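Got the viewer open? Let's walk through this one stop by stop, selecting as we go.

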Amino acid sequence: MRLRPPLLLLAGSTVAAAVIAAPGVASAAPAAAKGPTVTVLNRTVIAPYHLAHSGSSVYVADGGTSTVSKLTSKGLVAVAHGPQGPAGEVAGVAINGKGTLAYTASDFAANVHTLTIKPKHGKTRTVDLGTFEATRNPDKWIRYGIDNPTQCQRDALDAAGVPVSYRGVVDSHPYAVSALPNDAWVVADAGGNDLLKVDRNGRISVLSVLPRQPTTITADAAAALGLPDCVVGVVYNFEAVPTDVELAGNGRYITSLLPGGPEDPSLGARGSVVSVNPANGNASKLATGLLGATSVALGPNGKIFVSELFGGKISLIDKGKVSTYVNIDSPLGLTFFRGALYAGTAAPTDEQGNPTGTGTIVRIR
C-alpha cells in the first residue's frame, strides 16, 4: 500500500517564494513555553486526513486505507470504504445532526471523484463531483501565473518548465466536507480550487471560487531556481488549494488553504486560513505564514485550530493572533468537541511515499 501524500496531488505550479504577511493579517508566532497534554488513542491509522464527531464518537477518514472508521475503545471499526488499490482515496468525512455520514472519495486511476451521503436509515446517495468539475470548471475564468509577462520572463519560465500564464484547468480532488443546514453539505475541492454546495437532492452549486494566491519572486528564490534578473520582483499568482472547510456560527466558511506549487518547507510557509462570505463567496484572510495548512477545527469563543503538516505543530488562531498550540509530528485531520481537540497524525514514509510505520489519533487537552 502506497501512502498518497495529500499535498503532492494538489493543483499548482512549481515556482514560489516566501509569502509576506499583509497588514492586519496574523502570522505564525513562536511556540509557547508550555503545551497541553497529548494522549494517544490509536496507532493503526496511516493517513487520517480528516476527523469528524457525532455524539460521543470520533470518525476518521484514512486516505492510506481508503476507509472511514469509528473510533471505539476497542480500536477503529470501519463504517464505509472508498475505492481500493493504490489509486483509491477517502479524504473528507462529516456527520450531520441526523446522523447522516458523508465522505469524499477519489479513484485517481479512473478519474472519478465523488461525495457519498449515507443516512442512518434509507438509501445511500453518491454525487459525481468530477463530472461537475469537467462540465463547469468554475475557475476557468481565472488567469494564474504572471500577468502581462515580458518576453524575458516567458523565456525564463518556459525553460524552467513552469507555466507562464494559464486559465483554470479541469481538475477535481474533493478533499474535505462539512455539514450544512437542511441536509446539505459543503465540499472543499482541492483540485477545482473552490467550495461546492451539495443540497439534499444531490444538486451541486458553487459557493466560492477561491482567489489567486500572489507571491513575489525574490532574488534568493530566482537564484535558487536559476532564473534571470528579469523575474526578480515579479508577482506569480498561484492557485488556491482548499484543504478543509467548517461552517462557523456566524454562517461563514472557515477554510484552510495551500497555495499551488511545492507545499513542502523548501519555499517557506505559504499556507493560510480564510473566512468565506456565504452571500458572495468572497474570502478574507484570518491568518497566513502557515507551513502546510491541512485542516481546521472550530473551538470555543471563536478560536480556530489549524494543523501545519510540515511545520510539525497545531496552531491556534485567536482574536487575530496566531500561536503554537502544541508541537506534534505530521498533523492532519482535526475536530474539537467535549472540551478537547482530536487530531490525526500521518505515518512516516520512505522517499517513494510508502508507509514505514503508522500514524496516530490523539486527544489534546
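Helices here are DSSP runs of H or I at least four residues long, and strands are runs of E at least two long, both numbered from the N terminus. Keep in mind that this is a predicted model.

**Whole chain**

Start with everything shown. The protein has 3 helices and 29 strands, and 53% of its 365 residues count as buried. Taking contacts between residues at least 6 apart in sequence, 52% join residues at least 24 apart. The exposed surface comes to about 15200 Å², with carbon and sulfur atoms supplying 51% of it.

Now colour by pLDDT. The mean is 89, and 89% of the residues reach 70 or more. Select residues 1–32: pLDDT stays under 50 there, although the model has 113 contacts beyond four places in sequence for this stretch. Where pLDDT is low, the predicted coordinates should not be read in detail. Hide that segment if you like, and move on.

**β4, β5 and β6**

Select residues 57–62 and 67–72. These are strands β4 and β5, an antiparallel pair with 5 bridges. Show side chains for V58 and you'll find L71 of β5 opposite. The hairpin of β4 and β5 has 4 residues between its strands, and S66 has a positive phi near 55 degrees.

Add residues 75–81 to the selection. That's β6, running antiparallel to β5 and joined to it by 6 bridges. This hairpin has 2 residues between β5 and β6. To find your register, pick V68, whose bridge partner in β6 is A80.

**A loop asparagine**

Jump to the loop between α1 (129–136) and β11 (143–145), and pick N137. Its phi is near 40 degrees, positive in a residue other than glycine. Most residues other than glycine have a negative phi, and most peptide bonds are trans. Is N137 buried or exposed? With a relative accessible area of 7%, N137 is buried.

**Helix α2**

Select residues 151–160 and look down the helix axis. Q153, A156 and L157 are buried. Seen this way, the buried residues of α2 fall within an arc of 90 degrees, so they line one face of the helix. An α-helix has 3.6 residues a turn, so residues three or four places apart point the same way.

What covers that buried side? Part of the cover for the buried residues of α2 comes from β18 (235–238). Rotate to the face turned away from the buried side, and the exposed residues Q151, D158 and A159 come up. Step just past the end of α2 to G161, where phi is positive at about 75 degrees.

**The β13-β14-β15-β16 sheet**

Next, select β13 through β16. These 4 strands make an open sheet in the order β13-β14-β15-β16, with antiparallel pairing. Each edge strand, β13 (174–180) on one side and β16 on the other, has a single partner strand, so one side of each is left without a neighbour in the sheet. From one strand to the next, the twist averages 25 degrees.

Go across the sheet from β13. 6 bridges join β13 to β14, and the two run antiparallel. Click P174 and its bridge partner in β14 is D189.

Between β14 (184–189) and β15 there's a loop, and N193 sits in it. N193 is not a glycine, yet its phi is positive at about 65 degrees. What is the relative accessible area of N193? It is 1%, so N193 is buried.

Carry on to β15 (residues 194–198) and β16 (residues 204–209), which pair in the antiparallel sense over 5 bridges. V198 stands opposite I204 in β16. The hairpin of β15 and β16 has 5 residues between its strands, among them G202, with a positive phi near 85 degrees.

**Last stop: β17 and β18**

Select residues 213–216, strand β17, and turn on side chains. Q213 and T215 point to one face and are buried, while P214 and T216 point to the other and are not. In a regular strand the side chains alternate between the two faces of the sheet.

Finally, bring in β18, which runs antiparallel to β17 and is joined to it by 4 bridges. T216 has V235 of β18 as its bridge partner. You've met β18 already: it is part of what covers the buried residues of α2.

Note on methods: Residues are numbered from 1 along each chain as its sequence is written. This is a predicted model: local features need pLDDT of at least 70, side-chain atom pairs count only at pLDDT 80 or more; totals for chains, interfaces and linings use all residues. Side-chain values use heavy atoms; hydrogens and water are left out. Two strands pair if DSSP finds at least two bridges between them. Buried means under 20% relative accessible area, exposed over 50%, partly exposed in between (1.4 Å probe, protein chains only). The arc is that of the directions from the helix axis to the C-beta atoms. Contact means heavy atoms within 4.5 Å. Accessible areas come from the Shrake-Rupley method with a 1.4 Å probe; for residues, only the protein chains shown count as cover. pLDDT is the predictor's confidence in each residue, from 0 to 100. Axes are lines fitted to C-alpha atoms, for helices over the stretch in contact, and angles run from 0 to 180 degrees between N-to-C directions.
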